[in-house]
Amino acid sequence: MEKLYSCGSCSSSGSLKRILRGPWMAVAVSFYMLLFSGATYIFGVYSGAIKSALHYNQETIDTISFFKDLGGNVGILAGLMNEVTPPWMVLSVGAALNLFGYLMIWLSVTHRVAVPSAGAVSFYMFAAANSQTFVNTAVLVACVKNFPLSRGIVLGLTKGCIGLSGAVFVQIYHAIYGQDTTDMILFLAWLPSLIILLFMFFIRRMDIDLKENHDRHFFFLLYLALALAGFLTVAIILENALSQLPTQAYKAFGAVAVVFVAANALVAIRAECERRTTSQNNVNVEALESEKPPNCMALTAPTCMHSEEDMNRESTMRSTVSDGDKKEAQMQSCSASNEVGERKSSGESVGEQDGTERNKGSSCAAGSYDEKECHRSASSSQVKMRCGESGRGSSMGCVSRVRAYFKQWPERGEDHSIPQALLSLDMWILFVSVTCGVGGSLAAVDNMGQIGESLGYSKVSISTCVSLISIWNFLGRVAAGFGSEHLLRRYGVSRALVLSFILGFSSVGHLLIAFPGPGTLYAASILVGFCFGAMWPPLYAVISEIFGLKYFATLYNVVGSVSPLGSYLLNVKVAGHLYDHEARRQAEKLLLMAASTPSMAPSSKSPSIAPPDFTCYGTHCFRMAFSIIAIASFAGCLISLLLVIRTRKFYSQNIYAKLHAPQQQHHPHQYA
């Protein structure tokens, strides 16, 4: 244990600075940000305060929840911004949005400003939730690109921290504010923004040795996260069993949670020390090899003769390449002349595309492009020559360009452009699957407060269910990330198959909500939380494996942006609408009973009928809604099986050799 926390070679101030600026410290800081960026997952805790203070009905609350899901998943702007700006700038935008959104909601709920409309509150919630996409994009993309050979593990841990953040928030909130859910909104405004501003300059792309095995350090981080999840589970059980815990107990729970979160820095320091020691050893080996005599006098005669033969071969190859350059230039000149004739007849400019083709030809001759790219470039030039010989019309020039574009379409595993990925059938299968699966899970997460209330659970029990969702959300993300990585490496199991299984299994949790029994809401919270968390790591890993890492920051947010559509359909239009319908029927029935028996006094246990924000009580309130949601989740499972069939040949190969060998060849130590 002492070895984990000690590092004698890192005692100097220069080494300390390098440790703080190293990739492993960036991972630890990423965990700090992500563990305090999941405020959207505890909407069920503070939604009641918004509903009662602003006098909203359930459909209005679900509409606000939809804008929360929309903001938390539509991160295309964050992805595009991450492509052209450093991560700290993306993070600073996220901090500003978080502070603005939650602060305005808190001012509205506490009536410190004029009572806003439902549209204004929805906008505030959208801004607050959208901050999460900026944080997730900057942190997750930097970690995946820094550790490309462990992308499944990285995705599982980073996404898992977001899922666990809800339970961490609840414990710290109880320690500071007690049971006041209104002040919790203010807490969500200032704490995440402060942490982002403190640590945003640690997140950046860095030089990583791809040959080094980093999994051992990731497992240390996993053990810490599991210990934190175990502690939070024990704390939740105690809070639920002992309804009147003293204030000091809540403060102790919050302090221990903070200690677990801060301990990630110790693992990062140890990993950085080992990385620097390994790098120094490699430098010493290279220095010893460079001291050997460069001439061939000390070598044996056969070796010298062999070296001369190698030099002759290299000279011959250079002359051959030079001749190939001349032939390639002649071919491209002919092709360019034909294409110029075509474009002159149609009035188009050709300078930019001709320059691109000439660069491709020279790059292929120099060997900087791979064989497939050079073949496509040559095929494109031949197509243009044939088109130029057959006719000079503008229509033929357009056809030739379209044919050349589709001949250059990348295969699975190669870097796709954003339009190519969006036009892919694989991407549209993911879109529909995410809409069905994630939309249903979001409906369960966002309505957990009202589900518990309709079934007669206390506020402490509802808070327990929300925390269980958060903890099992984390466990699902970690299990799916590490498990899918193990299944892919060891047995070649497609991640798309893992995603299909998770979507099908989530329908069981929805059925438990539709047909509840005594205490089944706890089991439903566990199943829904686990499946909701487990969907994300295989989904994002599939995107990176099929469409490449070049535009991963944008594609990752494009796929996530379709989940609000499922949330709107299944949460607002199904769950919210059917709940209000049942509540209205129940209220009308009670009014008729009261009118028929005027002497009947209302019981203390019966719900008060106070329009317009009446509440539904009973097992029937969400039965029809979650029966539909369960069917939709199972349909998403069946649709995702199409992707399993389409990618079975791709995943039958050695995916890591196919994906990572080009990175090691073309991008060694690219980012400083």
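**Burial, a disulfide and a surface patch**

Student: Why is Cys-621 called buried in this predicted model?

Tutor: The relative accessibility of Cys-621 is 2%. The term buried applies under 20%, so Cys-621 counts as buried.

Student: What makes the pair Cys-616 and Cys-621 a disulfide?

Tutor: The two sulfur atoms lie 2.0 Å apart. A disulfide requires cysteine sulfur atoms within 2.5 Å, and the pair of Cys-616 and Cys-621 therefore qualifies. In chemical terms, a disulfide is a covalent bond linking the sulfur atoms of two cysteines. A search of the whole structure finds one disulfide.

Student: What is the handedness of the link between Cys-616 and Cys-621?

Tutor: The link is left-handed, with -85° about the S-S bond.

Student: How do you know whether Cys-616 is buried or exposed?

Tutor: Its relative accessibility is 0%. Since this value falls under the 20% limit, Cys-616 is classed as buried.

Student: Why is Cys-161 in no disulfide?

Tutor: The nearest cysteine sulfur belongs to Cys-143 and is 9.5 Å away. A disulfide needs the two sulfur atoms within 2.5 Å, so Cys-161 does not meet the criterion. Cys-161 is nevertheless buried, because its relative accessibility is 4% and the limit is 20%.

Student: Why is Cys-465 called buried?

Tutor: Cys-465 has a relative accessible area of 0%, and buried means under 20%; the term therefore applies to Cys-465.

Student: Where is Asn-98 placed, and why is Asn-98 called buried?

Tutor: Asn-98 sits in helix α7, which spans residues 87–109. At 6% relative accessibility, under the 20% limit, Asn-98 counts as buried.

Student: What does the side chain of Asn-98 reach, and which residues does Asn-98 touch?

Tutor: The side chain reaches the backbone oxygen of Ala-189 at 3.1 Å, inside the 3.5 Å limit for a polar contact. Beyond four places in sequence, Asn-98 touches Ala-128, Ser-131, Leu-188, Ala-189, Pro-192 and Ser-193.

Student: Which residues make the nonpolar surface patch, and which helix gives the most to it?

Tutor: The patch, of about 520 Å², is made by Leu-99, Leu-103, Ile-176, Trp-190, Leu-194 and Leu-198. Helices α7 and α10 (181–199) each supply at least two residues of the patch. Helix α10 gives the most, with three residues.

Student: Why is Leu-103 called partly exposed?

Tutor: Leu-103, in helix α7, has a relative accessible area of 30%. Partly exposed covers the range between 20% and 50%, so this class fits Leu-103.

Definitions and conventions. Residues are numbered from 1 along each chain as its sequence is written. This is a predicted model: local features need pLDDT of at least 70, side-chain atom pairs count only at pLDDT 80 or more; totals for chains, interfaces and linings use all residues. Side-chain values use heavy atoms; hydrogens and water are left out. Helices (H or I, at least four residues) and strands (E, at least two) are DSSP runs, numbered from the N terminus. Buried means under 20% relative accessible area, exposed over 50%, partly exposed in between (1.4 Å probe, protein chains only). A polar contact is a pair of N or O atoms within 3.5 Å; within protein, one must be able to donate a hydrogen and the other to accept it, and residues adjacent in sequence count only if both atoms are side-chain atoms. Contact means heavy atoms within 4.5 Å. Patches are made of residues with over 30% relative accessible area and no salt bridge: like charges are joined within 9 Å, nonpolar side chains (Val, Leu, Ile, Met, Phe, Trp, Tyr) within 5 Å. Accessible areas come from the Shrake-Rupley method with a 1.4 Å probe; for residues, only the protein chains shown count as cover. A salt bridge is a side-chain nitrogen of Lys or Arg within 4 Å of a carboxyl oxygen of Asp or Glu.
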